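The following exercises invite the reader to work from the sequence and the coordinates together. Please attempt each task before turning to its solution.

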Amino acid sequence: MNNASRDRGRLNRLYGCALLLGATLPAAAQEVELDFYGHVMLDMIYDFDRLAPDGNDTLRVSQIPVNCPGDAGCGSDGELIFGIRQTRYGMDATVPTAIGDIKTKLEFELFGVGTDAGKITPRLRHAWATINEFGFGQTNSVFMDGDVFPNSIDYWGPSGMMFFRNIQARWTPVSTDTQRIAIALESPSAGIDSGKVPDVSPNLNVRSKEELPDLTAHWRIQQPWGHFQAAVILRQVAFEASDDLSGNYFSGEEVGYGVNLSGTLNTVGRDRVLWQLAAGEGIGNYLNDGGIDLAPKESLRATTVPVVSWLLFYDRWWSDAWSSSIGWSRAELDNTDGQRDTASETLDYGLVNLLHHPAENITVGAELLHGALGLKDGAEGTDTRVQFSFKFNF
């Protein structure tokens with residue numbers, strides 16, 4: 001079905017609803033375009049090792065138990081997991097106005113995280129609206145490049161990828177078929193590690209403090225050979241602390257900054273190389289698997305934590321019906337002297353898969369995944385699993 005036919009179908013549905021209600025749509029409403037989409041997905045996983053139980057239906061490297069007993073997920077090796085939390089649904093709408101079209105996206109999935117970790121519950125992915133060159137709401141950060149996510153069926157994806165959907169106000173002064181420049185003010189947040197501070201001040205309550213927005217920008221070029229994107233970030237990483245016993249209060253802030261270079265390279269047919277290299281200080285919160293932005297030095301004074309991350313994957317299309325992806329990713333944090341020995345230092349993630357696409361809206365496949373979590377004291381935990389998934393788009 002071509003675009004014109006789809007558009008007529010959408011308008012016909014609107015007219016039909018109006019007739020059923022016995023009403024007449026105003027002229028502006030008759031031009032509104034609505035598109036509902038999503039997918040239903042079933043994952044069947046056999047884990048040869050173990051992960052923390054809240055979220056064991058995806059390989060999130062930071063959740064690999066290392067020190068057992070004690071860490072969440074410790075137990076005898078081997079576990080079978082069924083999950084539907086990757087199921088997703090959303091809606092796009094285009095609304096004409098006198099100054100330009102308003103384009104909106106509202107999208108949810110069932111993958112609960114944070115306080116909803118392990119639950120099947122709606123989770124907002126995108127609540128985004130644009131008009132002309134301005135955008136508002138929640139969507140992918142300007143600092144990330146979503147197009148370097150590999151052709152994978154695992155939910156979480158590469159631990160070294162810069163991946164963060166954030167609330168923001170964005171300006172895109174240049175947007176053509178071959179080039180884009182975007183600048184945004186994004187919601188601030190920070191990962192704080194109090195480290196050894198509680199050993200000295202057990203009554204001290206340390207938390208992040210948000211005073212200034214994160215400033216992000218990227219420049220992207222798109223060509224027949226693929227694309228290249230260069231992104232930068234400048235942010236204030238702040239904290240505040242209070243002593244519950246004495247009532248003393250103090251705060252502080254540091255400057256975080258980083259660069260994220262990424263791109264794709266088309267090779268043979270639909271095949272392509274995906275890559276990313278990022279580095280900075282105080283930007284761990286933008287990592288796909290999370291990270292620490294601020295931690296104490298040996299003197300227990302707060303400092304930003306340096307991070308370097310990368311990914312390299314190859315997406316291979318054997319035919320229109322069969323595809324594979326293979327690659328590796330790593331995030332490495334330069335731990336401070338004031339962090340505990342159990343602080344995460346390296347997060348490695350790799351996969352290889354074989355996917356079958358028997359019809360346009362169906363994907364079935366198998367994937368072998370391996371992750372490794374290294375701690376500051378040199379201890380390491382690993383997880384290897386095989387995943388079978390069935391995905392039906394609508």
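The exercises below concern a predicted model, and each task is followed by a worked solution.

**Exercise 1. Strand pairing**

Task: Determine how strand 3 and strand 4 are paired, and how many bridges join them.

Solution. Strand 3 covers residues 88–95, and it runs antiparallel to strand 4 with 8 bridges between the two. One bridge can be located by its residues: A93 has T104 in strand 4 as its partner. The two strands form a hairpin with 6 residues between them. Within that turn, G100 has a positive phi of about 140°.

Task: Follow the pairing onward from strand 4 to strand 5, and name the residue of strand 5 that is the bridge partner of I102.

Solution. Strand 4 (residues 102–111) and strand 5 (residues 120–131) are antiparallel and share 9 bridges. The partner of I102 is I131. Another pair places K105 opposite W128 of strand 5.

Task: Identify the residue of strand 6 that stands opposite W128.

Solution. Strand 5 and strand 6 run antiparallel and are joined by 5 bridges. The residue opposite W128 is G137 in strand 6. W128 therefore has K105 opposite it and also G137 of strand 6.

**Exercise 2. Backbone exceptions**

Task: State which peptide bond is cis, and locate its proline among the strands.

Solution. The general expectation comes first: most peptide bonds are trans, and most residues other than glycine have a negative phi. The bond between C68 and P69 is cis, with omega about -5°. P69 belongs to the loop between strand 1 (33–47) and strand 2 (79–83).

Task: For N132 and L300, find the value of phi and decide whether each residue is buried, partly exposed or exposed.

Solution. N132 is not a glycine, yet its phi is positive, near 55°. N132 sits in the loop between strand 5 and strand 6, a hairpin with 2 residues between its strands. Its relative accessible area is 51%, so N132 is exposed, the cut-off being over 50%.

L300 likewise has a positive phi, near 70°. L300 is placed in the loop between strand 14 (294–296) and strand 15 (302–304). With a relative accessible area of 29%, L300 is partly exposed.

**Exercise 3. Buried polar side chains**

Task: Establish whether D383 is buried or exposed, and find the polar atom that lies 3.4 Å from its side chain.

Solution. D383 is part of strand 20 (residues 380–393). Its relative accessible area is 0%, so D383 is buried. The backbone nitrogen of R50 is 3.4 Å from a polar atom of the D383 side chain.

Task: Repeat the analysis for T304, and name the side chain with which it makes a polar contact.

Solution. T304 is located in strand 15. T304 counts as buried because its relative accessibility is 7%, and the cut-off for buried is under 20%. The side chain of T304 makes a polar contact of 2.8 Å with the side chain of E281.

**Exercise 4. Nonpolar residues inside and at the surface**

Task: Name the residues of the largest nonpolar core that touch the most other members.

Solution. The general background is that nonpolar side chains tend to be buried together in soluble globular proteins. The largest core here has 31 residues, and F143, M162, Y349 and L373 touch the most other members. Elements giving two or more residues to this core include strand 11 (226–243), strand 13 (272–281) and strand 16 (306–317). Strand 17 (322–333), strand 18 (344–359) and strand 19 (362–375) are also among them.

Task: State which residues make the nonpolar surface patch of about 840 Å².

Solution. The patch is made by F134, F136, W171, I183, L185, L215, L234, V255 and Y257. Strand 6 (134–140), strand 8 (179–186) and strand 12 (249–266) each contribute at least two of its residues. L234 lies in strand 11, and strand 11 also gives two or more residues to the core. L234 itself is partly exposed, with a relative accessible area of 46%.

**Exercise 5. A contact across the sequence**

Task: Find how far A117 and N56 are apart in sequence and in space.

Solution. A117 lies in the loop between strand 4 and strand 5. A117 is partly exposed, with a relative accessible area of 25%. A117 and N56 are 61 residues apart in sequence, and their C-alpha atoms are 9.8 Å apart.

Notes
Residues are numbered from 1 along each chain as its sequence is written. This is a predicted model: local features need pLDDT of at least 70, side-chain atom pairs count only at pLDDT 80 or more; totals for chains, interfaces and linings use all residues. Side-chain values use heavy atoms; hydrogens and water are left out. A nonpolar core is a set of buried Ala, Val, Leu, Ile, Met, Phe, Trp, Tyr and Cys residues joined through side-chain atoms within 4.5 Å. Buried means under 20% relative accessible area, exposed over 50%, partly exposed in between (1.4 Å probe, protein chains only). Helices (H or I, at least four residues) and strands (E, at least two) are DSSP runs, numbered from the N terminus. Patches are made of residues with over 30% relative accessible area and no salt bridge: like charges are joined within 9 Å, nonpolar side chains (Val, Leu, Ile, Met, Phe, Trp, Tyr) within 5 Å. Accessible areas come from the Shrake-Rupley method with a 1.4 Å probe; for residues, only the protein chains shown count as cover. A salt bridge is a side-chain nitrogen of Lys or Arg within 4 Å of a carboxyl oxygen of Asp or Glu. A polar contact is a pair of N or O atoms within 3.5 Å; within protein, one must be able to donate a hydrogen and the other to accept it, and residues adjacent in sequence count only if both atoms are side-chain atoms.
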